[in-house]
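Reader: I am new to reading protein models. Please take one part and walk me through it closely.

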Amino acid sequence: MSVATAAAASYALVTARTIRLAPQSQPVWSVLRIPQDVDPGADQRFDGLRIRDDRGHDVPYVLDPQCASATSRPGTLSGTGWVPGHYTETLIDTGASGDLYDAIAIDTPKSTFFTRAEVAISDDRQTWRILRSDALIYRVAASSDPGSQTIALTPSRARWIRLRLLDAREPFPLNGIDVSNAAPAAGPGDVPLGVRSAKTQKTLKETILTLDLGTQHTQVGSLRFSTAQAEFSRTVQVEGSSDGRWWDDLASGTIERFAHGSSSLNLAVESSSNRYLRVRVENGDDAPLRSLRVRAYGPARTVVFVAQPARRYTLLVLHGKSAPDYDLPQILAHDNPRRLVAAEAIGKAAFPRAKAAAPRREPPAYLFTIAFAAAIAVMGAVTVRALKRY
């Protein structure tokens with residue numbers, strides 16, 4: 001490979017955006033919504049996406065984590081006491097509702113500790129079944145690590161929980177215990193998509209609405225219509241295109257509104273990944289719908305990363321690069337993402353509104369080729385002149 005070819009291969013087009021983070025004193029899990037104008041690629045993987053800190057290091061991230069929200073309720077403590085040389089024990093009454101739970105969170109005034117715990121459950125406070133015999137909880141006051149005070153359990157509906165904190169040296173103080181349950185994992189919800197331009201065309205038999213979403217491979221999940229028409233029932237055809245010239249059928253359905261009953265103004269669009277949408281509303285022999293509007297909705301794409309204190313971060317898109325391979329997705333999945341990403345101390349990342357960073361492009365490769373050739377020519381001329389002297 002020549003020097004010029006190597007130089008051309010090492011430079012890729014780059015788009016950069018500064019990420020705005022709230023100040024924090026310790027590392028936090030930060031959630032960043034990816035702007036719509038970042039092209040995810042045909043496979044929707046955002047292969048060239050990178051998060052880079054102000055020291056030039058790439059920061060691992062997880063794309064669209066499947067995070068479940070947790071519901072939590074305080075347990076009622078009773079019988080708390082210390083068995084010298086063995087453990088501190090307390091009984092937790094989860095209530096008579098029979099609601100499912102799969103974790104307990106321990107609230108303690110202790111600032112530094114490493115303690116093993118045993119957790120057992122019972123329906124009658126007589127017969128106990130041990131769920132965890134050697135769980136670890138810890139906290140270090142002088143460290144930025146928040147530690148772990150939550151013990152994950154096999155899902156249960158038993159009313160009573162027996163917790164033994166296996167510190168044989170001294171009693172373990174407790175402020176309270178929260179009992180929690182994870183809701184089913186929730187995918188990214190649909191959000192309104194921005195539109196670069198929209199136009200409406202009315203013909204003899206149909207109304208055509210064309211939307212330019214501004215970015216190739218924009219994922220669309222549904223369309224929502226609005227109109228001032230009081231009653232109607234119209235067939236709708238939806239088409240998609242990457243260039244505005246060639247169109248593919250995406251969806252069809254009916255939008256309608258009657259004097260009685262609920263309206264049907266939403267239309268699902270499956271497997272759509274285009275820049276342009278064309279919506280054909282068939283009017284038949286009726287007049288076009290009054291003040292007809294349509295809005296596209298698509299999934300909110302997000303990345304999750306760990307933001308360190310006093311660090312600044314930039315979102316980069318390295319065009320032509322392959323997707324990174326990080327350990328973080330596996331770590332997040334193993335360590336129960338709802339307790340990490342849905343934690344109370346979550347950091348929400350965004351982009352500055354007042355002065356967003358403009359797209360930056362690296363110099364085109366051909367400039368380096370020209371410069372390299374010019375350098376060779378200059379060196380050749382100097383060499384010829386030097387040889388003529390001898």
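Reader: Take the salt bridges, please, starting with one acidic residue. Is Asp 64 buried or exposed?

Author: Asp 64 counts as buried, because its relative accessibility is 16% and the cut-off for buried is under 20%. Keep in mind that this is a predicted model.

Now look at the partner. Asp 64 forms a salt bridge with Arg 301. The closest N and O atoms are 2.5 Å apart. Find both ends on the chain. Arg 301 lies in the loop between strand S22 (293-299) and S23, while Asp 64 lies in the loop between S4 and strand S5 (70-74), so the pair ties together parts that are 237 residues apart in sequence. Arg 301 is buried too, with a relative accessible area of 13%.

Next, move to Arg 311. Its side chain meets that of Asp 54 in a salt bridge, at 2.7 Å from N to O. Arg 311 sits in the loop between strand S23 (302-307) and strand S24 (313-318), and Asp 54 sits in the loop between strand S3 (49-53) and strand S4 (61-63), so this pair links parts that are 257 residues apart in sequence. Here the exposure reads otherwise. Arg 311 counts as partly exposed, at 23% relative accessibility. Asp 54 is partly exposed as well, with a relative accessible area of 31%.

A third pair is Asp 93 with Arg 159. Their closest N and O atoms are 2.8 Å apart. Asp 93 lies in strand S7 (residues 87-93), and Arg 159 lies in the loop between strand S11 (150-156) and strand S12 (160-165), so the pair ties together parts that are 66 residues apart in sequence. One end is buried: Asp 93, at 15% relative accessibility. The other end, Arg 159, counts as partly exposed at 33%.

Some salt bridges join up. Glu 89, Glu 118, Arg 162 and Arg 164 are linked in a network of them. The count for the model comes to 20 salt bridges.

Stay with S7 for a moment. S7 belongs to an open sheet of 5 strands. The order is S6-S7-S12-S9-S10, and the pairing is antiparallel. Strand S6 (76-83) and strand S10 (129-139) are the edge strands, each pairing on one side only. On average, neighbouring strands of this sheet are turned by 20° against each other, direction ignored. S6 and S7 run antiparallel and are joined by 6 bridges. One bridge partnership is that of Val 83 with Tyr 87 in S7.

Go back to S22 as well. S22 supplies at least two residues of the largest nonpolar core. That core has 23 residues. Ala 296 is among those with the most contacts inside it, as are Val 220, Leu 223 and Leu 277. Ala 296 touches those three residues, and its other contacts include Val 191, Pro 192 and Leu 211. A second, separate core has 21 residues, including Tyr 101, Ile 106, Ala 158 and Leu 174.

Last, step back to the whole chain. The chain has 4 helices and 25 strands. Of its 390 residues, 37% count as buried. Look at contacts with a separation of 6 or more: 79% of them come from residues 24 or more positions apart.

How values were computed: Residues numbered from 1 in each chain as written. Predicted model: local features only at pLDDT ≥ 70, side-chain atom pairs only at ≥ 80, totals over all residues. Heavy atoms only, no water. Buried < 20%, exposed > 50% of the residue type's maximum accessible area, 1.4 Å probe, protein only. Contact = heavy atoms within 4.5 Å. Salt bridge = Lys/Arg side-chain N within 4 Å of Asp/Glu carboxyl O. Core = buried A, V, L, I, M, F, W, Y, C linked by side-chain atoms within 4.5 Å. Pairing = 2+ DSSP bridges. Axes fitted to C-alpha atoms, helices over the stretch in contact; angles between N-to-C directions. Lists of a residue's contacts leave out its neighbours within four places in sequence.
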